[in-house]
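Dear colleague,

I am handing over the structure we spoke about, and below it you will find my notes on what turned up in it. Please look it over with the notes beside you.

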Amino acid sequence: MKRFLSFVKKEFLHIFRDYRTLFILFGIPVAQILIFGYAVSMDIKNAGIAILDLSHDEITQKLSDKLISSDFFRKTGNLLNYNDIDEVFKQGKTKAVIVFEEGFGKRLIAEGKASLSIIADGSEPNTATLVTNYTMAIVNNFTSELTGPVVNNSIIIKPEVKMFYNPELKSHFMFVPGVITLILILICALMTSVTITREKEFGTMEVLLVSPLRPVQIIIGKVMPYFILSFINVLLILALSWFVFGLPVKGSIILLLAEAMLYILMSLTLGILISTVSSNMQQAIFISLIGLMLPTILLSGFIFPIENMPEIYDYVSMIMPPRYFIVIIKSIMIKGTGLPYIWKETVILIIMTLIFMGLSIRKFKIRLE
Amino acid sequence: MRTILYLIRKEFIQIFRNKFISKAIFAVPIVQMLILVPAITFEIKNVNLTISDKDMTPESRGLISKLEGSSFFNVSYSTFSENEANSLLHRNKCSVILHIPYGFGKDIIKGTSGNILVVIDAINASTAQLSWAYLNGVIRDYNLDLVTKNISSIPVSIQPHIEITNRYWYNELLNYKYYMLPGILVILVTAIGFLLAGLNMVREKEIGTIEQINVTPVRKYQFIIAKMVPFLLIGLVDLALGLLIGKLAFNIPFEGSILLMFSGATIFLIAVLGLALFISTFSSTQQQYMFVAFFCMIIFILMSGIFTPYESMPQWAQKFNLINPVAYLMRINRMVMLKGSSIHDISRELYSLIVIAVCFTSLAVRRYRKTA
């Protein structure tokens, strides 16, 4: 035991000696949280629109002003004819063109009907849909203002809506759990696989293997510091989300930390497994970073809900551990529910940990080749 | 020139000697593109809906059958108990609950308004908003049905009405694969080039073989160029493979000039590889390099506008993106591929990339020391 402890101490010293790596280790989650909190959002703001006004009357003027004065849009120009549309889309600044037909105002007053078309740049589907929807809403709003308040008693059904868990519809509720999930698996798998492969690559693993330490002790000793560092990372992200975004942990914090430990352990064993199949560091990094990064971001339900994917992805994503942890962390943190609601996901993570562990033990070579 | 060619040859031999890496640099992007590109949609469908109908009248059933008929909602449970409904929400079994209280049908027949309560799981705020908008639309529709049925003669006044038609150019059906393929491709090309080039350089330092180069008359710039060219070529081959997958597997049209896209990608790769080699000059171990590279990559990718609209970012974020090569290639790729933008349309992006490429590469050459 004493031998083992001094080995762990040696590993800690290795890590703490490298200030830069430590700094980045904690810098990555902080940067991610801040980017998601302040820099990016799915919603549109200041999207460029251009106006193709073939009518040039008072009403089209008013309506275009109304569109542009909203926060959603910003005018990128007035077009003269249809051929310009392709031109402005190709320049990329304009997301949609609003076309007023000829004699728009006149027809609206005389015939009570006029038409307007929204041509959106479909190469960015999400932006295109949002721009179209917002424009429609603003135009409809404009029409009802034009006609004055409509007096009718036709509204029979009065729906009332309650936004559960997140009444203010903030995006933090989505990304804080996502960032924790993403960061833990990537950093843990990366660090463990690299640190063990490094010993293999430089031949120092042999030195360790001939030492009185047992192979299991060596691996645990190597992984232990990262376990603690990752755990500190979890605390850091939770503290950040609490102080910066005011997002508390609604459920039991003990349970949350316990689940986080399980997830860290799972990620570390995944890292060990990667190290057993890699012969050098480049390979380990390739697998744990390039191999894991995109699938984790895209198939975990972090940004894109799995329900919306084609059905087969419901099965494909089953092998992605982050998928389960995201459910666990959302349930505890935001819904405030307990183990009865998430035992299934917990069991799956435990099984995955055991599988990774078993495979690593089988693959771990203590002899020279 | 011959020196550079020899050095490049050496690099290629070293890269392809590693059996895993030599296969993975081509196989991993192909597999990931095939699996990930079709996965992503922003379209919402099959939102699980729980109905708690305590009214059980033809009026309430009419509304329910309207909801059952939509592909947006998937009526998965019905229950009378509020606790049961809430527990379904807690357990992720549904994300919307519709409560129709007792007396709803009666109120409607009487002509007073019938109240209903909608509860939505709002953890994902944007899905919640869309679900609500959609549900509200269905309710309004049903309302209108009831109005026309109950009051057969409503005064149809002629009110001004603006007819709105809308179209999506370049991607008529809003196929998300069009949007995701160029994006994912940029990420993969970046990740492979950025990581491997830097690691390769640091590895030479770590195992000491860089000393053997340093004592030869090889010039600094020759060495840096020789380190860049192989990964530049690998990146371009990956790009070509990705575009081929887009064409063959997903049938995504390529509107613009392929030459233009590859020129853009070449400048981009020089910029990224320059940055990689620059970072590698002050990393002494592969672990150190990997962490710095990971940090840069995550920030570059998230800020690049791969999943989120570029314009809605705040001013400071857009300023930051002036030095983010990934953001430029993200736009170039999508514009050239999907819209057929010309060199004139993307000139600003190209110029900026050239400036970044020159800066990073000269920094890398300057920082690289032949003396220990």
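What follows takes up the contact between the chains, then a sheet, and finally a pair of helices.

Please keep in mind throughout that this is a predicted model.

To begin with the contact between the two chains, 98 residues of chain A and 100 residues of chain B take part in it. On the side of chain A that touches chain B, 56 of the residues are nonpolar, 27 are polar and 15 are charged.

Strands from both chains also come together in an open sheet of 5 strands, which has mixed pairing and follows the order β5(A)-β4(B)-β3(B)-β1(B)-β2(B). Its edge strands, each pairing on one side only, are β5 of chain A and β2 (73-78) of chain B. On average, and with direction ignored, neighbouring strands in this sheet are turned by 25° against each other.

The link between the chains within this sheet is made by strand β5 (residues 157-164) of chain A and strand β4 (residues 114-121) of chain B, which run parallel and are joined by 8 bridges; here A:Lys158 stands opposite B:Asn115. On the chain B side, β4(B) pairs with strand β3 (residues 96-100) of chain B in the antiparallel sense, over 4 bridges, and in β4(B) it is B:Leu117 that stands opposite B:His99.

Two helices of chain B pack on the sheet. Helix α3 (residues 58-68) of chain B touches β1 (47-53), β2 and β3 of chain B, and its direction makes about 170° with that of β1(B). Helix α4 (residues 82-90) of chain B touches β1, β2, β3 and β4 of chain B together with β5 of chain A, and its direction makes about 175° with that of β1(B).

As for the domains, the assignment for chain B gives domain 1 as 47-150 and domain 2 as 175-367, and the centres of these two domains of chain B, taken over C-alpha atoms, are separated by 49 Å.

Within chain A, helix α7 (residues 172-201) packs against helix α9 (residues 215-245) at an angle of about 160°, with their axes 10 Å apart, and that angle makes α7(A) roughly antiparallel to α9(A). The crossing of α7(A) past α9(A) is right-handed. Among the residues that meet there are A:Ile180, A:Ile187 and A:Met191 in α7(A), and A:Tyr226, A:Val234 and A:Phe245 in α9(A). By class, this contact has 14 nonpolar, 6 polar and 1 charged residues.

With best wishes

Methods. Residues numbered from 1 in each chain as written. Chains lettered and ligands numbered in written order. Predicted model: local features only at pLDDT ≥ 70, side-chain atom pairs only at ≥ 80, totals over all residues. Axes fitted to C-alpha atoms, helices over the stretch in contact; angles between N-to-C directions. Parallel < 35°, antiparallel > 145°, perpendicular 65-115°, else oblique. Left-handed = near helix turned anticlockwise from the far one by under 90°. Contact = placed C-beta atoms within 7 Å. Nonpolar A, V, L, I, M, F, W, Y, C, P; charged D, E, K, R; others polar. Domains from an automatic or database assignment. Pairing = 2+ DSSP bridges.
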